[in-house]
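Thanks for coming. I will go through one structure this morning, starting with a pair of helices and ending with how the chains are related.

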There are 2 protein chains.
Amino acid sequence: MNIGIVGLGLIGGSIAKSIKQNTDHKVFGTDIQESVICLAKLMEAIDEVLSDELLPQCDMVIVALYPNDTINYIQAHAGSFKKGSVVCDCCGVKQMVCDALQDPAAKNDFVFIGCHPMAGKEFSGFKHSCTRLFHNASMIMTPYFSATPLGLIEAMKKFWLSLGFSNITLCSPAEHDQMIAYTSQLAHVVSSAYVKSSLAHKHKGFSAGSYQDMTRVAKLHEKMWTELFFENKENLIGELDGLIERLVEYSDALKSGNRGSVEKLLQDGRIMKESIDYSYGMGSFHENSDR
Amino acid sequence: MNIGIVGLGLIGGSIAKSIKQNTDHKVFGTDIQESVICLAKLMEAIDEVLSDELLPQCDMVIVALYPNDTINYIQAHAGSFKKGSVVCDCCGVKQMVCDALQDPAAKNDFVFIGCHPMAGKEFSGFKHSCTRLFHNASMIMTPYFSATPLGLIEAMKKFWLSLGFSNITLCSPAEHDQMIAYTSQLAHVVSSAYVKSSLAHKHKGFSAGSYQDMTRVAKLHEKMWTELFFENKENLIGELDGLIERLVEYSDALKSGNRGSVEKLLQDGRIMKESIDYSYGMGSFHENSDR
C-alpha cells in the first residue's frame, strides 16, 4: 500500500526507515524543512515527496508532528484523505487529539486512530532516526471503538508489529493520558528537577547507574514537553503532587530520626517494585548501579 | 601479595573474583555464612579461608560489610593486622567510618584507606557477584592525607584499576558523603517514592525507558540503605528537601497555567544537563526513551 508520512523527525523518520526496511509498502514523506525531505529521499527513507496531489492516493497517513500541529494538519486536509483510509498520529497526549479529530474523520470518511509509539531518544530530528528505535518498544493505540472496524485494528496491530514493536496496548484516550502522566511525563519533570542541584556539576567520579538513570531525560525538548504537559495538565499535576507528598514522607521520617519508619518506607517501595516486576515476569538486570 | 576479604557478598565476592581473574595475588576470604565460604572456595574465588591466624599474614585486608559491622570488625581486629599493611572498607558512607578508624589505625601501625566502589546491582549476595561488576566503574578513595604515604595511594589506585575500575576519585570523607547524598542516596529515595503511585501496577504497555530508569533502584536492601541514610542524614535531608522544593516549582508553574514558566524550568534543566555532560564529553546515548 501507499503510506504517507507527515513530519520526518526522529519518530516520522524512523517510521519511514522501518517501513522501507521491513515491508514492501511505498512511502511518501514530507517535512517542513526542505533539506530534511532531500536527505530522506537521498537515504531512500521515502520513495516520493508527499504532495497534496499524492495525499488522496495514500491508504494510510501517519502524522508525526506536535499535538496542535497534528490537529491542524489533519483538519486542514480532512477532505483530501482517501475515502476509507487510515490516518494516525504519534502524539504523547491522546484525549485532546482524538477529541478534535473524531468529527472530521466521520464527516470525511477516513478512520482516525490515535497512536503513541513509546520510543524516543534524548536526540531529535531526522538525522537521529533509525530502524532500531522501535525494536521491542510498546505501541499504544486509542481507536474510537464504535467507529473503527475490528479488522482494521487487527491490521494496524500487525503493521506496527512488522516495524519492530513488540507490544501493542489498546486503551481509551483518557486512560492513555492518565498512565502517561505517570510513566513518562512525571519522569521528565523529576529528571529535570533532579539535575538542578548545585552539586550536579561535580558529579563525575561520584556517580554511577542510578544518577545517570535519574538525569538522563533532563535533556528534553522544552517546547514539545511543555505542550504535552499542558494538554495533560490535570493528570500530571496529580501525579507530581502525589510524588512530592511521598517524598515529604521520607524527609519527615529522616528528620524524626525514626529508623523504623525509613526502613518501612523503603521496604514498601521494594515490595511494590518486586510485585510489579514479577507480575510481568520482567526481573530487570542492570549493572553499574551503586551502593 | 596476600589479600584478605571480609564479607563475600556482592561487593566482596566480586572483588575476590576480580583479583583472582586479573592478578596473581592470593585471596583469603571469609563470610558470616559458612555456605558462602564453601561456595567461594569451590568456585575458586578465594584460595584459603581467612582465619584469625591468617589475618596477620595479609598485606591488604578489604572489609566489605555494612558500615557499623565494618567499624566493629576493624576495631576488634586492630591488633591483628600486619604492621604496615593496608586495610580498606567498601562502605557507601565515609565520614563516620573514617573517623572511627583513624585512631585504631595509627595506634596499631596499619594504614586505613576509606574506599567506595561505585558499582552494584539490584541483587545482592555472593551468587550475584561477578568480575564484570567493576568494569568501567568509579572507585572513590578517602585516605587520611596526612597519615598515608603518597606511594601507597598510587599503589592502591593501580590495584583498583587492575580490577577493572576506570576512574579513581580522591577526596575527603566529608566531600564524599555530600556528593553521594546527591548522586546515589537521593536517587534511591526518589526511585522508592516513584514506584508507589497507585498507577504503578498498570505500567506495562505504557512504560518505556524513562519509567524503567526512575524505578530501577527501588529494589534495594532496606536495612543497608536505612543505615547508609542515617549515617549521612544531614546531607541527604538537604538534597531531598532541595529536590522537593524544585518539584514544587514545576507543580506551581503548571497550576498557574503559565506555559512560559514551565518551558523555562525545563529549559534550565536541559541546559544544566547538557553543560554537565558536555563538560565531561559524555554525551549519553540510550534508546527506548519515550516522548
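Helix 3 of chain A and helix 4 of chain A are roughly parallel to each other, a label used for angles under 35 degrees. Helices here are DSSP runs of H or I, at least four residues, numbered from the N terminus. Helix 3 covers residues 67-76 of chain A and helix 4 covers residues 95-107, and the two pack at an angle of about 5° with axes 10 Å apart. Each axis is a line fitted to the C-alpha atoms over the stretch in contact, and the angle, from 0 to 180 degrees, is taken between N-to-C directions. Contact means heavy atoms within 4.5 Å. From helix 3 of chain A, P67(A), N68(A), I71(A), I74(A) and Q75(A) take part; helix 4 of chain A brings M96(A), V97(A), A100(A), L101(A) and P104(A). By class, that contact holds 8 nonpolar, 2 polar and no charged residues. Nonpolar covers Ala, Val, Leu, Ile, Met, Phe, Trp, Tyr, Cys and Pro; charged covers Asp, Glu, Lys and Arg; the others, Gly among them, are polar.

Before going on, the ground rules. This is a predicted model, in which local features need pLDDT of at least 70 and side-chain atom pairs count only at pLDDT 80 or more, while totals for chains, interfaces and linings use all residues. Residues are numbered from 1 along each chain as its sequence is written, chains are lettered from A and ligands numbered from 1 in the order in which they are written, and side-chain values use heavy atoms, with hydrogens and water left out.

Now the domains. An automatic or database domain assignment divides chain A into domain 1 (1-170) and domain 2 (175-278). Their centres, taken over C-alpha atoms, are 31 Å apart. Domain 1 of chain A gives 15 residues to the contact and domain 2 of chain A gives 13.

Last, the two chains. How does chain A lie on chain B? A turn of 180° with a shift of 0.0 Å along the axis lays chain A on chain B with an RMSD of 0.0 Å. That is the relation of a two-fold axis. The superposition is by least squares on C-alpha atoms of residues with pLDDT of at least 70 in both copies. Which residue of chain A comes closest to the rotation axis? That is D213(A), at 2.4 Å by its C-alpha. The copies meet through the same surface, because 100% of the interface residues of chain A are also interface residues in chain B.

How values were computed:
Angles under 35 degrees count as roughly parallel, over 145 as roughly antiparallel, 65 to 115 as roughly perpendicular and the rest as oblique.
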